[in-house]
Amino acid sequence: MSQFVCPHCGAVNRAPEDRDASAAKCGRCAGKLFMGKPVEVSGAQFDAHRRSTKGAALLLDVWAPWCGPCRSMAPHFAAAAQRLEPGVRLLKLNSDADPEAAAALGVSGIPALFLIADGKVAARKAGLMTADQIVSWTRQSLAGASV
Ligand SMILES: [Zn+2]
């Protein structure tokens, strides 16, 4: 079984691995579990995804509204979501809105990407990347982490 947090209501949903999770709907609110785009999260919501996501990785983009490279990367990160879901759930954390969550991750420069597998940080990378670079870095890092 895979397990995902609903991006709309926060309910934890289980999904059989032999079914395409990209079409799955939340058992509580009937919203789609995957929308082909990154999910904006608070620090608390990120913790919930990190705790309850099973059978899939998380890719977190830590950004801020004043950060030019972050804004440049946003469409690339969104395009990467379409290619990586549902094996990887893409999340965005605004470090201005939740500086404590960013500090807890040890963020020094943004944009910063964190790849999380089984609740642990499997890889991290700072700086602007294109969609192709995000997808290939994520796949290579997951292969290295044998997830
Ligand atoms: Zn829901």
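**Sheet, helices and a cavity**

User: What does helix α2 lie across, and how do you know that?

Analyst: In this predicted model, helix α2 (residues 68–84) lies across β4 (57–63), β5 and β6 (112–117). Contact is called when heavy atoms come within 4.5 Å, so that is the test to keep in mind. Helix α2 runs at about 160 degrees to β5. Angles run from 0 to 180 degrees between N-to-C directions, so an angle over 90 degrees would mean that two directions oppose each other.

User: And which strands does helix α4 lie across?

Analyst: Helix α4 (residues 131–144) lies across β4, β5, β6 and β7, and runs at about 35 degrees to β6.

User: What makes β3 and β5 a pair?

Analyst: Two strands pair if there are at least two bridges between them. β3 and β5 (residues 88–94) have three bridges, so they count as a pair, in the parallel sense. One example is V41, whose bridge partner in β5 is L93.

User: Why are β3 and β7 at the edges?

Analyst: The open, mixed sheet has five strands in the order β3-β5-β4-β6-β7. β3 (39–41) and β7 (120–126) each have a single partner strand, so one side of each has no neighbour in the sheet. From one strand to the next, the twist averages 25 degrees.

User: What makes a space in the structure a cavity?

Analyst: A 1.4 Å probe fits there but cannot get out. The search of the whole structure finds one cavity of 30 Å³ or more, with a volume of about 30 Å³. Its lining includes R50, L58 and D118, and by class holds four nonpolar, two polar and two charged residues.

How values were computed. Residues numbered from 1 in each chain as written. Predicted model: local features only at pLDDT ≥ 70, side-chain atom pairs only at ≥ 80, totals over all residues. Heavy atoms only, no water. Helix = DSSP H or I, 4+ residues; strand = E, 2+ residues; numbered from the N terminus. 1 Å grid on protein atoms, 1.4 Å probe; cavity = no way out; pocket = protein on both sides within 12 Å on 5 of 7 lines; lining within 4 Å. Points joined across faces, edges and corners; volume = space filled by probe spheres on them. Nonpolar A, V, L, I, M, F, W, Y, C, P; charged D, E, K, R; others polar.
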